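Work through the exercises below with the sequence and model open. Each has a task and a stepwise solution.

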Amino acid sequence: MNEAALQLMCVAAFLALAAASLAAGRRPHASAPLYLANAAIAATAFAVSVAALIGGRGPVLFDLPIGIPWIGAHFRADALSYFFLAVINFGAVAASLFAVGYGRQEREPHRILPFYPAFLAAMNLVLLADDAFTFLLSWEFMSLASFALVLAHHHDPENRRAAYVYLTMASFGTLALLFVFGLLAGPSGGYLFADIRSREFEAGLGGAVILLALLGAGSKAGLAPVHVWLPLAHPAAPSHVSALMSGVMTKVAVYAFIRIAFDLVGVSDWSIAAPVMLIGGATAVLGILHALMERDIKRLLAYSTIENIGVIFAMLGFAMAFQANGMATPAALAFVAALFHVANHSIFKGLLFFSAGSMLNATGVRDIEQMGGLIHRMRKLAPLFLIGCVAISALPPLNGFASEWLAFQAVLQSPELPQLGLKILAPMIGALLALAAALAAACFVRLYGVAFLGRPRGASAVEARDPDGWSLGAIAMMAALCVLFGLFPGVVVDAVAPVATLALGAPLAPQSGNQWLSIIPIDAAQSSYNPLLLFAFIAFSAILAAFVSRLSASHAYRRSPAWGCGFEPTGPQTQYSGASFSQPIRNTLGRIAFDAAESVDMPSPGDQRPATMKVRVRDLVWDAIYGRIATVINAISEKLNGLQFLTIRRYLSLVFATLVLLLLGLAAWS
Amino acid sequence: MVLTTQLMFQAFQMLLVLALAPLLTGVVRKVKARLTRRRGASIFQPYRDLFRLMRKEAVIADNASWIFRSAPYLIFAATWVAAALTPTFRTGLMFSWSADLIVIVALLGSARFILALAGMDVGTAFGGIGSSREMMIAAFAEPAMLLAVFTVALVAGSTELSSIAAFMTSDAVGLRVSLALALFALIMVAIAENARIPVDNPATHLELTMVHEAMVLEYSGRHLAMIEFASFLKLLLYASMIGAVFAPWGLAEDGAGVARNALGVMVYLGKLLGAAILLALFETATAKMRVFRVPDFLGAALMLGFLGALLLFAGGRF
Amino acid sequence: MQSTLALDIAHLLAGGLVLVSFMMLYQDRLFALLNMFALHALVLAASVAWQAYIQGAEHLYVTAAIALLFKAIIIPVALHRMIVRLGVHRDIETAIGVGQTMVAGMGLVALSMALMFNVTSEADPLVREDLAFSLSVVLLGLLVMVTRRNAVSQIVGFMSLENGLVLAATGAKGMPLVVEISVAFSVLVAFIVIGAFLFRIRERFDSVDVGALDEFRGDRR
């Protein structure tokens, strides 16, 4: 019994659980044990994959005689899938534990419970698939299961629209992947991954396949400009599912891209790296700018997912550029940075979405402008959420910074690239990544500041209470990992070494032997980073400062109303709101990205009407691409509408014309 | 034995930056006053201010949470650690390898993150205005800073400040266009990050123009002292960083004797004095700009940094 | 005789010229633009003089002197007075935002790098880099002309463009003195013509915004 079979047994257990949930889902109090069962299965799968990853297990195969009769279904587990299996099943464990408590508030659990394990099973299957049919089938299964979950709260028309847009985009993505595998299999039709690997691809075909994969996988991951469904669909689902979709399902898409680009095709052409880098960088900045404008907390987090996916793809682009030029160490560095970020993002995005769900339950609103002052009411959640915010803003000493730092080190290697175009592109992408990181910090200061700090902005925020123990436990687990990965990045870098070996042929130098657990990607004289020591230093200095000020300074303090530059204490409405917080950025970068404009209507003195300020923000991507497509489709359907009202004779002549045309075509062909 | 000496040097540097930071600000203020034909306060006034603040009772707004109360210490600690890891009078400090240039910049980013949160904690309009503007400035400053760092790192082949300083003293450097551009970009970023004219005026409480002051408006007593101290340290940090990278002469090397290190300290003091005078001259000669002109200013820094990086990435000896 | 330091300084001055071109893009007031232009000419003069020194070519000193005298002193002063007489010194031009202009300028520099590195791949690397700088200055000068509405700043853009040509000529060690002097004089003539023309425009249309000219084209009614 090998690892692939063990993982498949977990998938089977998920599917059995889905069937059981279908039967038991309507019963009261069924959700907690069912979620616990989910957590147990996911934990098993997680343990198996981590053991295999750390233990450096090679590829193992497993075939099942199901599916298309003469082909069967092929499965394979190797380092790449172990890594992603670990990420996904860890996210699943956390989400299930969170849902044990969170699911109690669910009004219609039978709309979620059966699809949830099915969704988990589908994601696991995609990672295990070893032939094109199984892969696409699992991929579609994953899309449909998540579609059902997005539609769980179907009474809201917004959610129905989200589900519709999601389904459309998912079909589009699958179509692109269908072409990918069509091209990969070639005329001989070798749909097994092993056959595809053994084929030689000329540069043009390989490039086309990778670009199509970027489109197909990117539409699932949320790359601009095919990201539009993501901020609609992720928030529509219940929060633990949102966390899975944002933190985990996007990673399945990253896996698909890595599998196709690095493993199946192999990177040999540098020119294909440029669009990947560029799209990644642009996606990162666009995503976080959107997040900065957003006031719905779950949509904000979904947009931030787009940013992180952009960062990951930009790093993969760098890895491709280095790999195509035979620069093994920089390629491994960029690739490890991408994988590290994959793991990090799944952790802190899970944390943030769980917290968002708890906040939604506690206040009843998703609009952060209605929250405020939660730090006084959700006392236990507040520090955990802060850890998530610091981590995702790529600030030391937490985990987000560790991967960001590796990414910058990879960018610094790019002057060695021989192609001038890539050399010019590389610092640009570096600047875009830095911009995205700084904007992310702004975005999460805004989120935390508006939702948790200040005074309550709405009546609902006054009554907020901490979530239950299960939810808090899941959130605390994620927060602890943010800190641990941040302080011991070398462990993660070493753990993904086999993945880099598999995808690129060379790993990064092992980090475990370094002095004081620091990470040294290339050479000690070039760069090193030791978060543990840094953290110890900061903690020491902060405690010392506090201690000294306790000894020497007056420690008397007095509570009083806020001073506010001498203004009379005013109501909570005068606090800085989220919209005003993002105004400087909206007026600068937003003008370019969203064509943002403000118009102020200031009544003249003596006039009694209130002053108004209007802000216009346009989603240029939607207007330029999707709006146009919708217009064209509408126009065509308007035209075709006429076909419904023809006379019988006209219909007959249409049929006749078609027949003649087909015959003519046949004549011309043969 | 070697270990104790190294540890002593590291501890000495930590204390040195702590001791010098208020003095630097005092000198800048004094020179500015003299340039505008005022007598100005003594250069030791910042120390007195700090002691005065420490002795005072702290007033905390009703609504302030634990973030408000712990932020000053965290900001101070992060800035202090960053300043202690920047070469001042000697390279190759014991722990300098634990943070390279990128980490030092990011540490300051962490401090800024906490400060911006503290600004929003009380729930007044002023705190928010400061935080919002600070984050906007950071959003433009950080890419510019990073590109300048890239330029320097590429020339020196390292992001470690000690290695950069060692490289910059060697003959291999020469005069380079890209370094000049990076220097310009770095100075512009430093001006913005330290809330100096023309980006922000550290001596004003005029609500329409203030950024940094608006965030710390609610602070008093020992908390304010910590935050003030952190901003003194930040100015010192940028002065030593630019000094270490672009004027690395006189830095004592690792393993040098006591006399050499003493010389290093003297040269460092000279550099700080020079930086203070230049900053004061610049601040006196320029006018504060509108807040929405700041993105243009930092955009120019970004472009300079990018131009510098571009020249290097494109290859050749720039 | 050509030590690396000498070449480094030459490089630094050429790079400084690009930098000043960028600073010209950044200015939105006419007087500031003029000051920048004077600085531009000053850097050019220094650069040419330095080239004269390291190449040992005396005639380049003449070019440097011309640049210093005409472009750094006479023309800015004349333009300064002209602006005062036209009464446009408080005008702020915002044809395109500063940010977008800077990004465009960045792209132009990248373009000239890419172009010069590809086209002249067999030439001496130093010459290539100098040429890349000069091409950048020329393109940035054109950008100044394109993004400004005001005729005065268009003149300034044109002059800075010409500075780029001079830089290219001195770096390439080829252009004889006669050509340089004639170029300098043609620029001066162009300056005088445009200057005279400016006053005509203002008399006729009461504005130096070149947009006003469009309305008097025959084809637009």
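**Exercise 1.** Find what share of the contacts in chain B with a separation of 6 or more comes from residues 24 or more positions apart.

*Solution.* The model is predicted. Take the contacts of chain B with a separation of 6 or more. Keep those between residues 24 or more positions apart: they account for 79%.

**Exercise 2.** Test the radius of gyration of chain B against that of a compact globule.

*Solution.* Step one: count residues. Chain B has 318. Step two: apply the globule rule, 2.2 Å times the number of residues to the power 0.38. This gives a value near 20 Å. Step three: compare. Chain B has 19 Å, which agrees. For the extents, use the principal axes: the C-alpha atoms fill a box of roughly 60 × 45 × 40 Å. As for burial, 66% of the 318 residues count as buried.

**Exercise 3.** List the helices and strands of chain B in sequence order.

*Solution.* Count first: eleven helices and one strand. Then read along the sequence: α-α-β-α-α-α-α-α-α-α-α-α.

**Exercise 4.** Classify the packing of α11(A) (residues 273–293) and α24(A) (residues 583–593).

*Solution.* Start with the geometry. The axes lie 11 Å apart, at an angle of about 130 degrees. Angles over 145 degrees would count as roughly antiparallel, and 65 to 115 as roughly perpendicular. The pair is therefore oblique. Its crossing is left-handed. Now the contact: α11(A) brings Leu286(A), Leu289(A), Leu292(A) and Met293(A). From α24(A) come Ile585(A), Arg586(A), Leu589(A), Gly590(A) and Ala593(A). Sort these residues: seven are nonpolar, one is polar and one is charged.

Methods: Residues numbered from 1 in each chain as written. Chains lettered and ligands numbered in written order. Predicted model: local features only at pLDDT ≥ 70, side-chain atom pairs only at ≥ 80, totals over all residues. Helix = DSSP H or I, 4+ residues; strand = E, 2+ residues; numbered from the N terminus. Buried ≥ 20, exposed ≤ 12 C-beta atoms within 10 Å, placed from the backbone. Contact = placed C-beta atoms within 7 Å. Axes fitted to C-alpha atoms, helices over the stretch in contact; angles between N-to-C directions. Parallel < 35°, antiparallel > 145°, perpendicular 65-115°, else oblique. Left-handed = near helix turned anticlockwise from the far one by under 90°. Nonpolar A, V, L, I, M, F, W, Y, C, P; charged D, E, K, R; others polar.
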